[in-house]
Amino acid sequence: MDNEFQMIGRCESGWPTVASVSHWWKNAVVYQIYPRSFADSDGDGLGDIEGIISKLDYLADLGVDVLWLSPIYKSPQDDNGYDISDYQSIDPMFGSLEQLDRLIAEVHHRGMKLIMDLVVNHTSDEHPWFQESRDPDSAKRDWYWWRTSDDGPPNNWGSIFSGSAWQFDEQSQAYYLHLFTRKQPDLNWENPEVRGAVYAMMNWWLDRGVDGFRMDVINLISKAPGLPDGEVAPGELHADGSPYYANGPRLHEYLQEMNREVFAHRDADMLTVGETPGVSVEQAKLITDLDRLELDMVFQFEHMELDHGTTKWDHRRLELPELKQNLAKWQDGLAQAGWNSLYWNNHDQPRVVSRFGDTAYWYESATLLAAVLHLHKGTPYIYQGEELGMTNYAFAGIDQYRDVEAINYFREAVEGKGEDPATVLAAMQEVARDNARTPMQWTDGPQAGFTTGEPWLPVNPNHTRINAAAQVGDPHSVFSFYRRLIELRHKDPVVQHGSFELLLADDPVLWVFTRTLGSEQLLVVANLGNEVVDLPVDAHGETVIANYDEPVGDRLRAWEVRVVRRSVNGD
Ligand code: TEU
């Protein structure tokens, strides 16, 4: 239950104070670093740990509490590190374990925490565990999903990254399951030896000083017995197997066992967040209800898939009512038990200002989207560059893409289905994950200050206008707006714990909602359109944060957001 607080008055500076503090991460903001694209210290065109260390003061200035590192373990980089070949090492491209130890110490020195990305639904096919399991007589044969079959793949599941979810291995004379690329074989979590090895590794990292984990596709680890065939959608070459591998029959058993074996004997300062594609509100409530001792929170995907057709590639422009009603559904669903993570961006999603905003009103729409998200109830996540309003990149053609998901999609669509390359590329431009992975824009100088070498992915040419150096210290920048939102979350119990209510749910351009705690209320009014609109609600109150300098009565200008504080007694 989240009623671990009550307002007991105000401190000198006027902020409401609460009787007891609930879990620290309910007042925290997390910043995701995609190390490969964050900061390169040695000129090889790839971000690294020393580069991250050099930017910690920037992150401390922004005010974030937790850093989430995307994978930096030893990996052949088939999926940019989400294919791990040694969980207890650092890939030389990023640095060394000693440098990571220094990063942990420097993060803690600044009062921040660091969580690692845990990818344990699958390993790399170059992991020694998998290599050993290729021998049918090895002790690790049952650590992966091996099946013999005389007539092709054991079932009709498609890989999430195109093609079949099964790869035939000549040495083994058998197929192995891979929900992602063929170089990412799925671990068999039915095997207690697999679970024990994962828990031992997690404890090794916690003993080394990390503060928790973001758990990659953790709700895919339990597969349905028998691995039954799925439905093949019209026009598709393979079936959607997710009804048989997402949120499977033993998921909660595994998460509660992980909690007992890893988290239970740790201090309360940890953070555990599960990435859970396809999870429903009810399933998320079970995973994040703290009384069930599973995880603290999850990343759900519903709001990120509203603009998808049968796949993310046949996407459409989203209507505002769908988006705001979906977030409201999750606010209501996890109001009494469980906790929301709040995000627009990560390394898998296109940049939100290009996706849901309007680059013609770049500053206004970037700050409006930030304010709306950060004033919801939950823990906000900021993805590197989001605090600067970084945008999608205009890819020149298939040769500029680096992401295996995009490249496989292009190949299957054009070569497999005969689709027109230009049409396929146009779809990719809007939603490809590479949009999020262009190098962080630090300055308006060469390669945006990301590297002195040739970057692994092109730098967005708009870095001459959109960059950290131009924004830090400028009170009217996107960076400074995010900084104020983070400060608001740290200080204001209404933001942290206030109940949520969506107003004007069907309005096509206005996003209006309240957060209420005791007699205090915050009203958020936002205009997600280019026309001036009259506010059909009473928006009186003390302006807490706004993206235009002075409010104009009860009218909202293009992409204007305003947050006002008032008493619910109307005085
Ligand atoms: O992503 C999980 C996932 O479902 C993604 O495939 C996502 O839905 C897709 O990329 C949207 O286009 C996690 C990681 O975040 C991702 O980077 C990895 O590629 C994937 O798992 C496999 O580890």
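Is Ser37 buried or exposed? In this predicted model, Ser37 counts as buried, because its relative accessibility is 0%, which falls under the 20% that marks a buried residue. Ser37 is placed in the loop that runs between strand 3 (30-33) and helix 1 (49-54). When its neighbours within four places in sequence are left aside, the contacts of Ser37 are with Gly47, Gln384, Arg437, Thr438, Pro439, Met440, Phe450 and Trp456.

The division of the chain provides a frame for the remaining features. Four domains are assigned, namely domain 1 (24-123 + 192-403 + 433-488), domain 2 (128-177), domain 3 (404-431) and domain 4 (496-567). Between the C-alpha centres of domain 3 and domain 4 there is a separation of 41 Å.

Several further loop positions were examined. Ser138 is found in the loop between helix 4 (128-133) and strand 6 (146-147), and Ser138 is classed as buried because its relative accessibility is 14%. Apart from neighbours within four places in sequence, Ser138 is in contact with Glu132 and Ser133. Ser162, in the loop between strand 6 and strand 7 (166-169), counts as partly exposed, because its relative accessibility is 21%. The backbone of Ser162 has a positive phi of about 80°, although the residue is not a glycine. A positive phi is also found at Asn80, a residue other than glycine, where the value is near 50°. Asn80 is located in the loop between strand 4 (66-69) and helix 3 (97-109), and with a relative accessible area of 9% it is buried.

Burial was also examined within a strand. Arg515 belongs to strand 15 (residues 510-517), and Arg515 counts as buried, because its relative accessibility is 0%. Arg515 and Val210 are 305 residues apart along the chain, and their C-alpha atoms are separated by 33 Å.

Among the helices, helix 7 (residues 251-263) was considered in detail. Helix 7 has 13 residues, and the distance from its first C-alpha to its last is 17 Å, which is close to the 18 Å expected at 1.5 Å a residue. The buried residues of this helix are Leu251, Tyr254, Leu255, Glu257, Met258, Asn259, Val262 and Phe263. The cover over these buried residues includes helix 5 (192-207) and helix 8 (281-288), together with strand 9 (212-215) and strand 10 (271-275).

Two of the buried residues of helix 7, Asn259 and Phe263, appear again in the description of a pocket. The second largest pocket holds about 310 Å³ of space. Of the 16 residues that line this pocket, those closest to its centre are Asn259, Phe263, Ala268, Leu290 and Asp296. By class, the lining of the second largest pocket consists of eight nonpolar, three polar and five charged residues.

Enclosed spaces were treated separately from pockets. The count comes to three cavities of 30 Å³ or more, and the largest cavity contains about 80 Å³ of space. The residues that line the largest cavity are Gln300, His303, Leu327, Trp330, Gln331, Asn340, Ser341, Leu342, Tyr343 and Leu373. Two or more residues of this lining are given by each of helix 10 (320-333) and strand 12 (341-342), and the largest share, three residues, comes from helix 10. With respect to class, the lining of the largest cavity has five nonpolar and five polar residues, and no charged residues.

The second largest cavity has a volume of about 50 Å³, and its lining is made up of Asn345, Arg351, Val352, Val353, Ala366, Glu386, Gly389, Met390 and Tyr482. Five of the residues in the lining of the second largest cavity are nonpolar, two are polar and two are charged. The linings of the two cavities can thus be set side by side: charged residues are absent from the lining of the largest cavity, whereas two charged residues occur in the lining of the second largest cavity.

Methods:
Residues numbered from 1 in each chain as written. Predicted model: local features only at pLDDT ≥ 70, side-chain atom pairs only at ≥ 80, totals over all residues. Heavy atoms only, no water. Helix = DSSP H or I, 4+ residues; strand = E, 2+ residues; numbered from the N terminus. Expected span 1.5 Å × (residues − 1). Buried < 20%, exposed > 50% of the residue type's maximum accessible area, 1.4 Å probe, protein only. Contact = heavy atoms within 4.5 Å. 1 Å grid on protein atoms, 1.4 Å probe; cavity = no way out; pocket = protein on both sides within 12 Å on 5 of 7 lines; lining within 4 Å. Points joined across faces, edges and corners; volume = space filled by probe spheres on them. Nonpolar A, V, L, I, M, F, W, Y, C, P; charged D, E, K, R; others polar. Domains from an automatic or database assignment.
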